[in-house]
Amino acid sequence: YLTWYRESMQLPVENDCKLMAIIPVGDEFELEFEQAGHRLIVKANKVVLATGRGGFGGCHIPDFVKHLPRSVYAHTIEHIDFEKLKNKRIGIIGVGASGFDAAAVALETGAKSVDLIMRRSQLPNVNKFASLSYQGFSHGYYKLNDEQRWKFMCAAYDAGIPPPVEALKRLEGYSNAHLHSNTSISHIRFDGSQVQIETNQGQYTYDFIILATGFYIDGYQQPELREVIDHISLWRDHMPEAEVK
(Lines give C-alpha, C1' and ligand atoms only; values in the text may rest on other atoms or scores of the structure.)
Protein backbone atom coordinates (compact mmCIF):
# COMPACT_ATOMS: atom_id res chain seq x y z
CA TYR A 1 0.00 0.00 0.00
CA LEU A 2 2.98 2.31 0.49
CA THR A 3 3.83 1.99 -3.20
CA TRP A 4 0.22 2.85 -4.09
CA TYR A 5 0.28 5.81 -1.70
CA ARG A 6 3.53 7.05 -3.18
CA GLU A 7 2.20 6.87 -6.74
CA SER A 8 -1.25 8.29 -5.97
CA MET A 9 0.07 11.25 -4.01
CA GLN A 10 3.07 11.79 -6.30
CA LEU A 11 5.32 12.00 -3.26
CA PRO A 12 9.06 12.52 -3.67
CA VAL A 13 10.52 9.43 -1.98
CA GLU A 14 14.22 8.73 -1.58
CA ASN A 15 15.14 5.07 -1.18
CA ASP A 16 18.26 3.52 0.37
CA CYS A 17 18.68 6.40 2.82
CA LYS A 18 19.84 5.85 6.38
CA LEU A 19 19.25 8.61 8.89
CA MET A 20 22.49 9.21 10.80
CA ALA A 21 21.70 12.31 12.85
CA ILE A 22 19.09 14.96 13.59
CA ILE A 23 20.90 18.21 14.35
CA PRO A 24 19.02 21.27 15.69
CA VAL A 25 20.19 24.46 14.00
CA GLY A 26 18.31 27.47 15.33
CA ASP A 27 14.62 26.94 14.61
CA GLU A 28 15.35 24.30 11.97
CA PHE A 29 16.88 20.85 11.74
CA GLU A 30 19.61 19.40 9.62
CA LEU A 31 19.08 15.74 8.83
CA GLU A 32 22.22 13.82 8.01
CA PHE A 33 21.65 10.82 5.77
CA GLU A 34 23.91 8.19 4.29
CA GLN A 35 22.95 7.24 0.74
CA ALA A 36 25.04 4.98 -1.50
CA GLY A 37 28.11 5.69 0.60
CA HIS A 38 27.66 9.46 0.38
CA ARG A 39 26.69 11.99 3.06
CA LEU A 40 23.47 13.85 2.34
CA ILE A 41 22.20 16.86 4.33
CA VAL A 42 18.50 17.78 4.24
CA LYS A 43 17.10 20.84 6.04
CA ALA A 44 13.66 20.73 7.62
CA ASN A 45 11.37 22.91 9.73
CA LYS A 46 9.64 19.86 11.20
CA VAL A 47 10.66 16.21 11.46
CA VAL A 48 8.25 13.29 11.81
CA LEU A 49 9.78 9.96 12.83
CA ALA A 50 7.65 7.06 11.61
CA THR A 51 10.30 4.50 12.46
CA GLY A 52 8.12 1.83 14.04
CA ARG A 53 8.42 -0.12 17.27
CA GLY A 54 12.13 -0.67 16.72
CA GLY A 55 12.89 3.01 16.20
CA PHE A 56 13.31 4.04 19.83
CA GLY A 57 15.94 1.64 21.13
CA GLY A 58 15.93 -1.31 18.75
CA CYS A 59 14.90 -4.92 19.29
CA HIS A 60 15.32 -6.35 22.76
CA ILE A 61 17.99 -9.06 22.98
CA PRO A 62 18.05 -10.51 26.53
CA ASP A 63 21.45 -10.63 28.24
CA PHE A 64 21.26 -14.40 28.65
CA VAL A 65 21.29 -14.78 24.85
CA LYS A 66 24.00 -12.32 23.82
CA HIS A 67 26.88 -14.76 24.28
CA LEU A 68 25.38 -17.28 21.84
CA PRO A 69 26.58 -17.44 18.21
CA ARG A 70 24.19 -15.59 15.87
CA SER A 71 23.77 -18.78 13.85
CA VAL A 72 21.56 -20.31 16.55
CA TYR A 73 19.10 -17.52 17.29
CA ALA A 74 17.12 -14.71 15.65
CA HIS A 75 14.71 -12.00 16.73
CA THR A 76 11.26 -12.04 15.18
CA ILE A 77 11.90 -8.64 13.58
CA GLU A 78 14.68 -10.22 11.52
CA HIS A 79 14.38 -12.29 8.36
CA ILE A 80 14.27 -15.96 9.37
CA ASP A 81 14.84 -18.69 6.78
CA PHE A 82 12.29 -21.20 8.05
CA GLU A 83 13.20 -23.64 5.29
CA LYS A 84 16.47 -24.22 7.13
CA LEU A 85 14.51 -25.04 10.29
CA LYS A 86 12.78 -28.11 8.84
CA ASN A 87 13.01 -31.10 11.19
CA LYS A 88 14.58 -28.84 13.83
CA ARG A 89 13.60 -28.37 17.47
CA ILE A 90 12.62 -24.73 17.91
CA GLY A 91 12.39 -22.80 21.16
CA ILE A 92 10.52 -19.49 21.13
CA ILE A 93 11.02 -17.08 24.02
CA GLY A 94 8.00 -14.79 24.35
CA VAL A 95 4.34 -15.30 23.56
CA GLY A 96 3.17 -12.14 21.85
CA ALA A 97 1.75 -12.02 18.34
CA SER A 98 5.16 -12.35 16.70
CA GLY A 99 6.00 -15.41 18.82
CA PHE A 100 2.86 -17.27 17.78
CA ASP A 101 3.28 -16.21 14.15
CA ALA A 102 6.84 -17.53 14.16
CA ALA A 103 5.67 -20.77 15.77
CA ALA A 104 2.97 -21.22 13.13
CA VAL A 105 5.34 -20.62 10.22
CA ALA A 106 7.92 -22.99 11.69
CA LEU A 107 5.34 -25.75 12.12
CA GLU A 108 3.80 -25.18 8.70
CA THR A 109 7.27 -25.37 7.17
CA GLY A 110 8.05 -28.69 8.83
CA ALA A 111 9.76 -28.02 12.14
CA LYS A 112 10.18 -31.15 14.29
CA SER A 113 8.80 -29.38 17.37
CA VAL A 114 8.10 -25.88 18.66
CA ASP A 115 8.05 -24.79 22.29
CA LEU A 116 6.81 -21.37 23.41
CA ILE A 117 8.25 -20.25 26.73
CA MET A 118 6.54 -17.64 28.91
CA ARG A 119 6.95 -16.35 32.46
CA ARG A 120 3.23 -15.76 33.04
CA SER A 121 0.96 -18.45 34.48
CA GLN A 122 -1.46 -18.05 31.58
CA LEU A 123 -1.87 -16.10 28.37
CA PRO A 124 -3.52 -12.68 28.74
CA ASN A 125 -7.05 -12.65 27.34
CA VAL A 126 -7.78 -8.92 27.15
CA ASN A 127 -5.74 -6.33 25.26
CA LYS A 128 -6.18 -3.14 27.26
CA PHE A 129 -4.07 -1.27 24.73
CA ALA A 130 -6.71 -1.88 22.04
CA SER A 131 -8.51 1.29 23.17
CA LEU A 132 -5.60 3.41 21.98
CA SER A 133 -6.71 3.11 18.36
CA TYR A 134 -10.08 4.78 18.95
CA GLN A 135 -10.57 8.50 18.39
CA GLY A 136 -12.42 8.86 21.68
CA PHE A 137 -9.43 7.56 23.60
CA SER A 138 -7.10 10.01 21.90
CA HIS A 139 -9.28 12.96 22.91
CA GLY A 140 -9.88 11.70 26.44
CA TYR A 141 -6.30 10.67 27.19
CA TYR A 142 -5.09 14.16 26.28
CA LYS A 143 -7.24 15.62 29.08
CA LEU A 144 -6.02 13.23 31.81
CA ASN A 145 -3.39 14.36 34.27
CA ASP A 146 0.00 12.64 34.42
CA GLU A 147 -0.90 10.39 37.36
CA GLN A 148 -4.05 9.13 35.61
CA ARG A 149 -2.14 8.48 32.39
CA TRP A 150 0.56 6.62 34.29
CA LYS A 151 -1.96 4.40 36.10
CA PHE A 152 -3.66 3.54 32.82
CA MET A 153 -0.39 2.58 31.16
CA CYS A 154 0.75 0.53 34.15
CA ALA A 155 -2.54 -1.37 34.23
CA ALA A 156 -2.27 -2.12 30.52
CA TYR A 157 1.36 -3.26 30.75
CA ASP A 158 0.66 -5.41 33.82
CA ALA A 159 -2.25 -7.14 32.09
CA GLY A 160 -0.12 -7.99 29.06
CA ILE A 161 -1.08 -8.19 25.41
CA PRO A 162 -2.60 -11.45 24.16
CA PRO A 163 -1.76 -12.83 20.73
CA PRO A 164 -4.52 -12.42 18.13
CA VAL A 165 -7.09 -15.22 17.97
CA GLU A 166 -6.05 -15.89 14.37
CA ALA A 167 -2.46 -16.52 15.51
CA LEU A 168 -3.65 -19.00 18.14
CA LYS A 169 -5.86 -20.86 15.67
CA ARG A 170 -2.91 -21.44 13.35
CA LEU A 171 -1.43 -23.75 15.98
CA GLU A 172 -4.55 -25.89 16.32
CA GLY A 173 -3.95 -29.52 15.41
CA TYR A 174 -0.18 -29.46 15.92
CA SER A 175 0.65 -32.01 18.60
CA ASN A 176 4.32 -31.02 18.37
CA ALA A 177 3.60 -27.48 19.64
CA HIS A 178 3.85 -26.85 23.39
CA LEU A 179 3.35 -23.82 25.62
CA HIS A 180 5.45 -23.73 28.81
CA SER A 181 3.98 -21.35 31.40
CA ASN A 182 5.45 -20.20 34.73
CA THR A 183 8.85 -20.67 33.14
CA SER A 184 11.71 -18.28 33.83
CA ILE A 185 15.12 -18.68 32.21
CA SER A 186 18.26 -18.67 34.34
CA HIS A 187 20.92 -19.58 31.77
CA ILE A 188 21.40 -20.60 28.14
CA ARG A 189 24.44 -22.38 26.74
CA PHE A 190 25.49 -23.75 23.36
CA ASP A 191 27.53 -26.93 23.29
CA GLY A 192 28.48 -26.65 19.64
CA SER A 193 25.51 -28.54 18.27
CA GLN A 194 22.46 -27.63 20.35
CA VAL A 195 21.15 -24.92 22.66
CA GLN A 196 20.37 -25.86 26.24
CA ILE A 197 18.07 -23.61 28.25
CA GLU A 198 18.08 -23.88 32.04
CA THR A 199 14.78 -22.84 33.64
CA ASN A 200 12.93 -23.17 36.92
CA GLN A 201 10.97 -26.00 35.23
CA GLY A 202 14.05 -27.94 34.13
CA GLN A 203 16.25 -28.01 31.06
CA TYR A 204 15.04 -27.68 27.46
CA THR A 205 17.16 -28.47 24.42
CA TYR A 206 16.75 -26.92 20.96
CA ASP A 207 18.45 -26.56 17.62
CA PHE A 208 17.42 -22.93 17.17
CA ILE A 209 16.02 -20.12 19.33
CA ILE A 210 13.58 -17.42 18.18
CA LEU A 211 13.27 -14.31 20.34
CA ALA A 212 9.79 -12.79 20.54
CA THR A 213 11.08 -10.44 23.21
CA GLY A 214 9.84 -7.14 21.84
CA PHE A 215 11.72 -3.86 21.74
CA TYR A 216 13.65 -1.58 24.02
CA ILE A 217 12.02 1.74 24.90
CA ASP A 218 15.17 3.80 25.27
CA GLY A 219 15.92 6.62 22.88
CA TYR A 220 19.46 6.90 24.23
CA GLN A 221 20.25 3.71 22.32
CA GLN A 222 19.13 5.28 19.03
CA PRO A 223 22.25 6.90 17.48
CA GLU A 224 20.39 9.32 15.21
CA LEU A 225 18.65 10.86 18.26
CA ARG A 226 21.81 11.71 20.17
CA GLU A 227 21.54 15.46 19.46
CA VAL A 228 17.85 15.73 20.46
CA ILE A 229 17.17 12.97 22.98
CA ASP A 230 17.66 15.26 25.99
CA HIS A 231 14.82 17.44 24.67
CA ILE A 232 12.34 14.55 24.43
CA SER A 233 9.84 14.43 27.28
CA LEU A 234 9.94 11.13 29.18
CA TRP A 235 7.85 9.67 31.97
CA ARG A 236 10.58 10.31 34.52
CA ASP A 237 10.42 14.03 33.73
CA HIS A 238 6.79 14.15 34.87
CA MET A 239 6.56 11.28 37.36
CA PRO A 240 10.00 11.06 39.01
CA GLU A 241 8.59 8.94 41.84
CA ALA A 242 7.14 6.37 39.44
CA GLU A 243 8.92 3.12 38.60
CA VAL A 244 9.31 3.23 34.85
CA LYS A 245 8.57 -0.18 33.34
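These legends describe one overall view and several close-up views of a predicted protein model.

Local features are taken where pLDDT is at least 70 and side-chain atom pairs where pLDDT is 80 or more, while totals for chains, interfaces and linings use all residues. Residues are numbered from 1 along each chain as its sequence is written, and side-chain values use heavy atoms, with hydrogens and water left out.

**Overall view. The protein has six helices and 11 strands.**
Helices (H or I, at least four residues) and strands (E, at least two) are DSSP runs, numbered from the N terminus. The C-alpha trace spans about 60 × 45 × 40 Å along its principal axes. Of the 245 residues, 33% count as buried. Buried means under 20% relative accessible area, exposed means over 50%, and partly exposed lies in between (1.4 Å probe, protein chains only). The accessible surface comes to about 15800 Å². Carbon and sulfur atoms hold 51% of that surface. Areas come from the Shrake-Rupley method with a 1.4 Å probe; for residues, only the protein chains shown count as cover. Contact means heavy atoms within 4.5 Å. Among contacts between residues at least 6 apart in sequence, 61% join residues at least 24 apart.

**Close-up 1. The largest nonpolar core has 22 residues.**
A nonpolar core is a set of buried Ala, Val, Leu, Ile, Met, Phe, Trp, Tyr and Cys residues joined through side-chain atoms within 4.5 Å. I90, I92, V114 and I210 have the most contacts inside this core. Four elements give two or more residues to it: strand 5 (89-93), helix 2 (97-109), strand 6 (113-117) and strand 11 (208-211). Helix 2 gives the largest share, six residues. A second, separate core has 15 residues, including Y73, I188, V195 and I209. In soluble globular proteins, nonpolar side chains tend to be buried together.

**Close-up 2. V114 and its contacts.**
Look past the neighbours within four places in sequence. V114 is then in contact with I90 and I92. It also touches A103, A106 and L107. N176, A177 and H178 complete the list.

**Close-up 3. F100 is a buried residue of helix 2.**
The relative accessibility of F100 is 4%. Neighbours within four places in sequence are again left aside. The contacts of F100 are V95, L116, L123, P163, A167, L168 and L171. Take P163 from that list. F100 and P163 are 63 residues apart in sequence. In space, they are 7.1 Å apart, C-alpha to C-alpha.

**Close-up 4. W4, Y5, M9, L11 and V13 make a nonpolar surface patch.**
The patch covers about 520 Å². Patches are made of residues with over 30% relative accessible area and no salt bridge; like charges are joined within 9 Å, and nonpolar side chains (Val, Leu, Ile, Met, Phe, Trp, Tyr) within 5 Å. Y5 lies in helix 1 (residues 2-9). Its relative accessible area is 41%, so Y5 is partly exposed.

**Close-up 5. K151 and E147 form a salt bridge in helix 4.**
A salt bridge is a side-chain nitrogen of Lys or Arg within 4 Å of a carboxyl oxygen of Asp or Glu. Here the N to O distance is 3.5 Å. Why are K151 and E147 separated by about one helical turn? Because they are four residues apart in helix 4 (residues 146-159). K151 is exposed, at 53% relative accessibility. E147 is partly exposed, at 44%. Side chains of opposite charge can pair when their charged atoms come close.

**Close-up 6. Further salt bridges involve D63, K66, R189 and E198.**
The whole structure has 10 salt bridges. D63 pairs with K66, with the closest N and O atoms 3.2 Å apart. D63 is exposed at 62% relative accessibility, and K66 is partly exposed at 45%. R189 pairs with E198, and their closest N and O atoms are 3.0 Å apart. R189 is partly exposed at 33%. E198 is also partly exposed, at 21%.

**Close-up 7. D101, E108 and R170 are linked in a network.**
The links in this network are salt bridges.

**Close-up 8. C17 is partly exposed, and C154 is buried.**
The relative accessible area of C17 is 28%. For C154, relative accessibility is 14%. How many disulfides does the whole structure have? A search finds zero. A disulfide is a pair of cysteine sulfur atoms within 2.5 Å.
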